[in-house]
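Welcome! Let's walk through this structure together, one question at a time.

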There are 2 protein chains.
Amino acid sequence: MGEIEEVLKKHHIRPTAIRLLMYKYLRDRNVAATLNDIESGFDKSDRTTLYRTIKTFEKKGLVHQINDGTGIAKYALDDKTTGTTALQDLHLHFHCIKCNETVCLTDHKIPHISLPKGYLSKDMNLLVKGVCDKCNLK
Amino acid sequence: MGEIEEVLKKHHIRPTAIRLLMYKYLRDRNVAATLNDIESGFDKSDRTTLYRTIKTFEKKGLVHQINDGTGIAKYALDDKTTGTTALQDLHLHFHCIKCNETVCLTDHKIPHISLPKGYLSKDMNLLVKGVCDKCNLK
DNA sequence: GAAAAACATGCAACTTAAGTGCAAATCTAT
DNA sequence: ATAGATTTGCACTTAAGTTGCATGTTTTTC
């Protein structure tokens, strides 16, 4: 359990009990989680605390928010290697319209996009909607 | 004004007064509009009516919804040519983090993306965040 | 052209995610 | 151990989105 503690400290987050648990929760999950998902996994803790915890994680660069078109924010850990944060980790997100789950396809980077003159790109989000492998088999 | 009426009829939408006005409003605007934006432009009409009108437009393929990460849905006309709807009009959206405006860059198509085995793509959204040309000059 | 059916509009209310204020609890450093 | 800072939990607020229903308007049918 000291491993997670190290990760949090590296991101300048004080390793409280809830934070350790939430990190573990997110790490053991392979799909992005809504605040409701997280809430369901932590009956004991308050919604606000979980909300502020995930926002702290986000601010410190531990997780990133994903907008998959459902209108509900989802969150996923920034990198599985738990190493230093990549400055431009512009992977794509896949949202399954059947099971409603969203995953980071970290191996699939966003190709270079040319913009009109005068436009400056700071960040990118590529969202692909469709049917995931699991739902495709059914 | 009969021109807009034709467009609506072509999309099987009955051309009521509000619908004509909203179409005109969206056409004369070069950035995507939130429901609040639309509301501000139509003091007379009710929020619900405007909401249902934009949803009707969306359902009939006249407008598309844009999620630019602000958490508030924006809408823009599907095609400027007012012709038949392109089945795969996968252009990209640019959201300016300074002026908060979002535009469709219809000339900039999304490049082909390869997905993992078993994944089926139905739709795509590419959102670029940065500074638009107007804000860049300031 | 009147009556019936279908659709559009406006008002009020509800739902839900997100966010804030504040006091109590916990942790950190001296 | 105590003072200061941070975290947590509860209650409340905000705002977007949505629905139910009654009224108004248009379209269709005879």
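Q: Which of the 18 residues around DNA strand D come nearest?

A: Keep in mind that this is a predicted model. There are 18 residues around DNA strand D, and they include residues of chain A as well as chain B. Those that come nearest are Thr16(A), Thr49(A), Arg52(A), Asn36(B) and Tyr51(B).

Q: What percentage of the atoms of DNA strand D within 4 Å of the protein belong to sugar or phosphate?

A: Here the atoms of DNA strand D within 4 Å of the protein are split into two groups, with bases making up the rest once sugar and phosphate are set apart. The share that belongs to sugar or phosphate is 63%.

Q: How many Å separate a polar side-chain atom of Arg47(B) from a base nitrogen of DNA strand D?

A: Let's go through some polar contacts with this strand. Asn36(B) places a polar side-chain atom 2.8 Å from a phosphate oxygen of DNA strand D. With Ala73(B) a polar backbone atom takes part, 3.0 Å from a phosphate oxygen. For Arg47(B), the partner is a base nitrogen, and the distance is 2.9 Å.

Q: Which element gives the largest share of the surface near DNA strand D?

A: The elements that give two or more residues to this surface are helix H2 (17–27) and H4 of chain A, along with H4 of chain B. By class, the surface residues are 4 nonpolar, 6 polar and 8 charged. The largest share, 5 residues, comes from H4(B).

Q: Which residues come nearest to DNA strand C?

A: Turning to the other strand, 18 residues are found around DNA strand C. Of the atoms of this strand that come within 4 Å of the protein, sugar and phosphate account for 70%. The nearest residues are Tyr51(A), Arg52(A), Thr16(B), Arg19(B) and Arg52(B).

Q: How many Å is a phosphate oxygen of DNA strand C from an N or O atom in the side chain of Ser45(B)?

A: Bases of DNA strand C have partners too: the side chain of Arg47(A) has an N or O atom 3.4 Å from a base oxygen. In the side chain of Thr48(B), such an atom is 3.3 Å from a base nitrogen. For Ser45(B) the partner is a phosphate oxygen, at 2.9 Å.

Q: Which element gives the most to the surface near DNA strand C?

A: Two or more residues each come from helix H4 (47–59) of chain A, and from helix H2 (17–27) and helix H4 (47–59) of chain B. The surface has 4 nonpolar, 6 polar and 8 charged residues. With 5 residues, the element that gives the most is H4(A).

Q: What is the order of the 3 strands in the open sheet of chain B?

A: The edge strands, each pairing on one side only, are strand E1 (33–34) and strand E2 (63–66) of chain B. E1(B) pairs with strand E3 (residues 74–77) over 2 bridges in the antiparallel sense. Within this pairing, Ala33(B) has Tyr75(B) as its bridge partner. The order is E1-E3-E2.

Q: At about what angle does H2(B) run to E3(B)?

A: H2(B) lies across E1, E2 and E3 of chain B. H4(B) also packs on the sheet, where it touches E2 and E3. The angle of H2(B) to E3(B) is about 90 degrees.

Q: Is Ser45(A) buried or exposed?

A: Ser45(A) is found in the loop between helix H3 (35–41) and H4 of chain A. Beyond its neighbours within four places in sequence, Ser45(A) is in contact with Ile18(A) and Leu50(A). Because its relative accessible area is 18%, which is under 20%, Ser45(A) counts as buried.

Conventions
Residues numbered from 1 in each chain as written. Chains lettered and ligands numbered in written order. Predicted model: local features only at pLDDT ≥ 70, side-chain atom pairs only at ≥ 80, totals over all residues. Heavy atoms only, no water. Near = heavy atom within 4 Å. Polar contact = N/O pair within 3.5 Å; in protein donor to acceptor, adjacent residues only side chain to side chain. Helix = DSSP H or I, 4+ residues; strand = E, 2+ residues; numbered from the N terminus. Nonpolar A, V, L, I, M, F, W, Y, C, P; charged D, E, K, R; others polar. Pairing = 2+ DSSP bridges. Contact = heavy atoms within 4.5 Å. Axes fitted to C-alpha atoms, helices over the stretch in contact; angles between N-to-C directions. Buried < 20%, exposed > 50% of the residue type's maximum accessible area, 1.4 Å probe, protein only.
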